[in-house]
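Colleague: I would like to learn how to read a two-chain model feature by feature, from the backbone to the interface. Could we go through one together?

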Amino acid sequence: MTTTTATTNDFKVADLSLAAFGRKEIELAEHEMPGLMSLRRKYADEQPLRGARVTGSLHMTIQTAVLIETLTSLGAEVRWASCNIFSTQDHAAAAAVVGPDGTPEDPKGVPVYAWKGETLEEYWWCIEQTLVWPDGGPNMILDDGGDATLLVHKGTEYERAGAVPDPAGADSEEFRVILTTLQRTLGEDGQRWTRIGQGIKGVTEETTTGVHRLYEMVENGELLFPAINVNDSVTKSKFDNLYGCRHSLIDGINRATDVMIGGKVAVICGFGDVGKGCAESLRGQGARVIITEIDPICALQAAMQGYEVKTLDEVLETADIFITTTGNKDIITAADMERMKHQAVVGNIGHFDN
Amino acid sequence: MLSEGRLLNLGNATGHPSFVMSNSFSNQTIAQIELFTKNDEYEKRVYVLPKHLDEKVARLHLDALGVKLTRLSPEQAAYIGVPVDGPFKPDHYRY
């Protein structure tokens, strides 16, 4: 098996001593990931990714570590960051850096820049580290939510313009951080992102939200390289989004609150693939589930499945659990939350945090 | 409010289970191989993986669950106009 050797200072994770625990969980996960393991066996001789330099931006979890080691076992070199400030599992990140054959003192895995609880500044710094290779740039991106792709495209755009817009005028805290990052890099090297963009052969995108951004870029004639929409493989969106959320929604609620779900009134905002999984998850626990929808087709689906479909306004004062599953903003506002019961649980499992 | 409004399944728990992510990540791996090795066949557009690769990802996960597939006879395949080995559905089929 080919592995990328990390120089000892080319990574940043929380704690390398967690690697042994991470490795144990990776081995358990390998048994549960027959698709990836059979791809490893199938392509062991052919090494189709030899020469690929993959920048990955995707939740640095145990499952992602199995993906990373699948890519390296097919010949790729890999650099990785998480695509969410809270999603990294620190033992997974440590194990990916140490690799199957290394030790915390002598790591032999891949350069990972990810830890649980990053600030926004740290988050975008991590993405930057995975795009800037010690000897050049990546030739592939594996993206989740499109942030790595976004940084390359915005960087290229501003380098062409010769200036970065004033971060003070940014419409969100996150975009302010992106602009500040790009202002700094423009000062350091006026062609960095242009060069990186030119070196990239393509991106594969994991999520509904990232795919939406890609189609927008195509429409505006801005996309710099080909993209494969992985999200809309049936074996992705009809499985990960649906059955994945059916499993992990109540896991998240239980670990965070341990509140009894049975009997509670739960509101799911959105009845797409994610919303469908969430509704089944909560109904399975005995919650009384209410759906909000903007799309008449999805609303009718929800009603035919036996869910009540109402507006958020009607249920704010009476429901106990509120879950947003959309990729949109302003679904539940601070003013809405003021009208909720004391200790109502509010959570998001859609892409954005606003 | 869980996880400060960010993905609660990953912020408060450990995200999706391995088995379902094996499906997603098999698609990712196949897509990386496809774009990297056949780069000149792709323009600066957005593509989805062809259906036979989607079916292949599903196939890779059947044994682990003890699933036994039924196989069409050539006559049955011809009757509904699909190859015996798939793809079995048109691209617009929604599952």
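Colleague: Before we turn to the interface, where in chain B is B:P87 found?

Modeller: Keep in mind throughout that this is a predicted model. B:P87 lies in the segment after α4 (74-80) of chain B, and a cis peptide bond with omega of about 0 degrees joins B:G86 to B:P87.

Colleague: Which sign does phi take at A:D330, and is that residue buried or exposed?

Modeller: Phi of A:D330 is positive, near 60 degrees, in a residue other than glycine. The residue sits in the loop between β10 (321-324) and α15 (334-339) of chain A, and A:D330 counts as exposed because its relative accessibility is 51%, with the cut-off for exposed being over 50%. B:S3 is another non-glycine residue with a positive phi, near 50 degrees, and is found in the segment before α1 (8-11) of chain B. B:S3, however, is buried, with a relative accessible area of 12%.

Colleague: How much area do chain B and chain A bury between them?

Modeller: The size of an interface is often expressed as the accessible area that is lost when the parts come together. Here chain B and chain A bury about 5,900 Å² between them, and 66% of that is on carbon and sulfur atoms. B:R6, B:Q32 and B:F36 supply 14% of the area that chain B buries against chain A, which is more than any other three residues supply. In terms of residues, the contact takes 56 from chain B and 86 from chain A.

Colleague: How many salt bridges are there between chain B and chain A, and how many residue pairs are in polar contact?

Modeller: The count is one salt bridge, formed by B:R6 with A:E174, whose closest N and O atoms are 3.9 Å apart. That pair counts as a salt bridge because the cut-off is 4 Å. For polar contacts, the count between the two chains is 27 residue pairs, with both residues at pLDDT 80 or more.

Colleague: Which elements give two or more residues to the side of chain B that touches chain A?

Modeller: They are α1, α2 (18-37), β1 (46-48) and α3 (51-59) of chain B, and α2(B) gives the most, with 20 residues. By class, this side of chain B has 26 nonpolar, 20 polar and ten charged residues.

Colleague: How should I read the strand pairing, and which strand of chain A do bridges join to β1(B)?

Modeller: Strands of a sheet pair through backbone hydrogen bonds, either parallel or antiparallel. In this model three bridges join β6 (residues 227-229) of chain A to β1(B), and the two strands run parallel; B:Y47 in β1(B) is the bridge partner of A:I228. Within chain A, an open sheet of five strands has the order β9-β8-β7-β10-β11, with parallel pairing. Its edge strands are β9 (308-309) and β11 (345-348), each of which pairs on one side only. Two bridges join β8 (residues 288-292) of chain A to β9(A) in parallel, and A:I291 has A:V309 as its bridge partner in β9(A).

Colleague: To finish with a single side chain, is A:E30 buried or exposed, and which residues does A:E30 touch?

Modeller: A:E30, in helix α1 (residues 19-31) of chain A, counts as buried because its relative accessibility is 18%, where buried means under 20%. Leaving aside residues up to four places away in sequence, A:E30 touches A:M37, A:R40, A:V66 and A:E69.

Methods
Residues numbered from 1 in each chain as written. Chains lettered and ligands numbered in written order. Predicted model: local features only at pLDDT ≥ 70, side-chain atom pairs only at ≥ 80, totals over all residues. Heavy atoms only, no water. Helix = DSSP H or I, 4+ residues; strand = E, 2+ residues; numbered from the N terminus. Buried < 20%, exposed > 50% of the residue type's maximum accessible area, 1.4 Å probe, protein only. Contact = heavy atoms within 4.5 Å. Buried area = accessible area lost by both parts, 1.4 Å probe. Salt bridge = Lys/Arg side-chain N within 4 Å of Asp/Glu carboxyl O. Polar contact = N/O pair within 3.5 Å; in protein donor to acceptor, adjacent residues only side chain to side chain. Nonpolar A, V, L, I, M, F, W, Y, C, P; charged D, E, K, R; others polar. Pairing = 2+ DSSP bridges.
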